[in-house]
Amino acid sequence: MGEHTAVPRLTITQDNRFFFDAAREGRLEIQRCTDCQALRHPPGPACPVCRSFAWDTVVASGRAVLHSWTVLYHPKDPAFDYPLAVGLADLEEGIRLVADIAGVDHDQLEVGLPLQVGFSEHAHGEILPQLRPRDPKEHTR
């Protein structure tokens, strides 16, 4: 990843720092409103349900199913391998996550495909979530 990339560095704020810190440690954490218990992603300062500014986090299971995806061919950046599949996954906790998809042939992608969130290094050495096929023995959803 030492090549020049046009990918910007992450923008870390007081509202999303927990997410990126947890990812570096191999955990998927989701922001939760402590007033109404609503989960939200991406992280933000206020709850979209009750407008509270009070929040904490919960560790997600990482179990998901593929909701939608696209395969990118251009523009090519040295930070990624192409073609690059990017998916929108429904986490079992009830929120959605956008991430790269790895470990599955693109022609095998289908809505409802069981996935597991893992983590991988991206541009600038940052660790971010990555969607991977779930072990077939764990297909319960």
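In this predicted model, strands S4 and S5 pair up antiparallel, with eight bridges between them. One of the residue pairs along the way is serine 68, whose bridge partner in S5 is leucine 88. This pairing belongs to a barrel: five strands close up in the order S4-S5-S6-S8-S7, and the pairing around the barrel is mixed. From one strand to the next, the twist averages 45 degrees. H1 packs on this sheet and touches S6, S7 and S8, with its direction at about 65 degrees to that of S8.

S4 also pairs with S7, again in the antiparallel sense, over three bridges. Arginine 63 has glutamine 116 of S7 as its bridge partner, and alanine 64 is matched with leucine 115 of S7.

The UniProt record puts the feature "domain: ChsH2 C-terminal OB-fold" at residues 58–119, in an unreviewed entry. In the model, residues 58–119 come out as 0% helix and 52% strand. The C-alpha atoms at the two ends of that stretch sit 17 Å apart.

There is a second sheet, and this one is open: three strands in the order S2-S1-S3, paired antiparallel. Its edge strands are S2 (39–40) and S3, each of which pairs on one side only. H1 packs on this sheet as well, touching S1 and S3, and its direction makes about 150 degrees with that of S1. Between S1 and S3 there are five bridges, in the antiparallel sense. Glutamate 29, for instance, stands opposite valine 59 in S3.

Helix H1 covers residues 17–24. Its buried residues are Phe18, Phe19, Phe20, Ala22 and Ala23. The elements that cover these buried residues include strand S1 (29–33), strand S3 (55–59), S6, S7 and S8. Just past the end of H1, glycine 26 takes a positive phi of about 80 degrees.

The largest nonpolar core holds 25 residues, and Leu28, Leu91 and Leu131 are the ones that touch the most other members. At least two core residues come from each of H1, S4 (63–72), S5 (84–91), S6 (96–101), S7 (114–121) and S8 (127–133). H1 makes the largest contribution, with four residues. As a general point, nonpolar side chains in soluble globular proteins tend to be buried together.

Just ahead of H1 comes aspartate 15, in the segment before the helix. Is aspartate 15 buried or exposed? Aspartate 15 counts as buried because its relative accessibility is 15%, and the cut-off for buried is under 20%. Apart from neighbours within four places in sequence, aspartate 15 is in contact with Gln31, Pro43, Gly44, Pro45 and Trp55. The C-alpha atom of aspartate 15 also lies 9.3 Å from that of alanine 46, a residue 31 places away along the chain.

Then there are the cysteines. Cysteine 33 is found in strand S1, and with a relative accessibility of 0%, cysteine 33 counts as buried. Leaving out residues up to four places away in sequence, cysteine 33 touches Ala38, Arg40, Cys47, Cys50, Ser52, Ala54 and Trp55. Cysteine 33 and cysteine 47 are 14 residues apart along the chain, and their C-alpha atoms are separated by 6.1 Å.

How many disulfides turn up in a search of the whole structure? The count is zero. A disulfide would be a covalent bond between the sulfur atoms of two cysteines. For cysteine 50, the closest cysteine sulfur is that of cysteine 33, at 3.6 Å, so the gap is too far for a bond. Cysteine 36 has its closest cysteine sulfur in cysteine 47, and here too the distance is 3.6 Å, so this pair is too far for a bond. The cut-off in both cases is within 2.5 Å. Cysteine 36 is partly exposed, with a relative accessible area of 31%, and cysteine 50 is partly exposed at 33%.

How values were computed
Residues are numbered from 1 along each chain as its sequence is written. This is a predicted model: local features need pLDDT of at least 70, side-chain atom pairs count only at pLDDT 80 or more; totals for chains, interfaces and linings use all residues. Side-chain values use heavy atoms; hydrogens and water are left out. Buried means under 20% relative accessible area, exposed over 50%, partly exposed in between (1.4 Å probe, protein chains only). Contact means heavy atoms within 4.5 Å. A nonpolar core is a set of buried Ala, Val, Leu, Ile, Met, Phe, Trp, Tyr and Cys residues joined through side-chain atoms within 4.5 Å. UniProt positions are given in the numbering used here, feature names are shortened, and annotations may be inferred rather than shown by experiment. Two strands pair if DSSP finds at least two bridges between them. Axes are lines fitted to C-alpha atoms, for helices over the stretch in contact, and angles run from 0 to 180 degrees between N-to-C directions.
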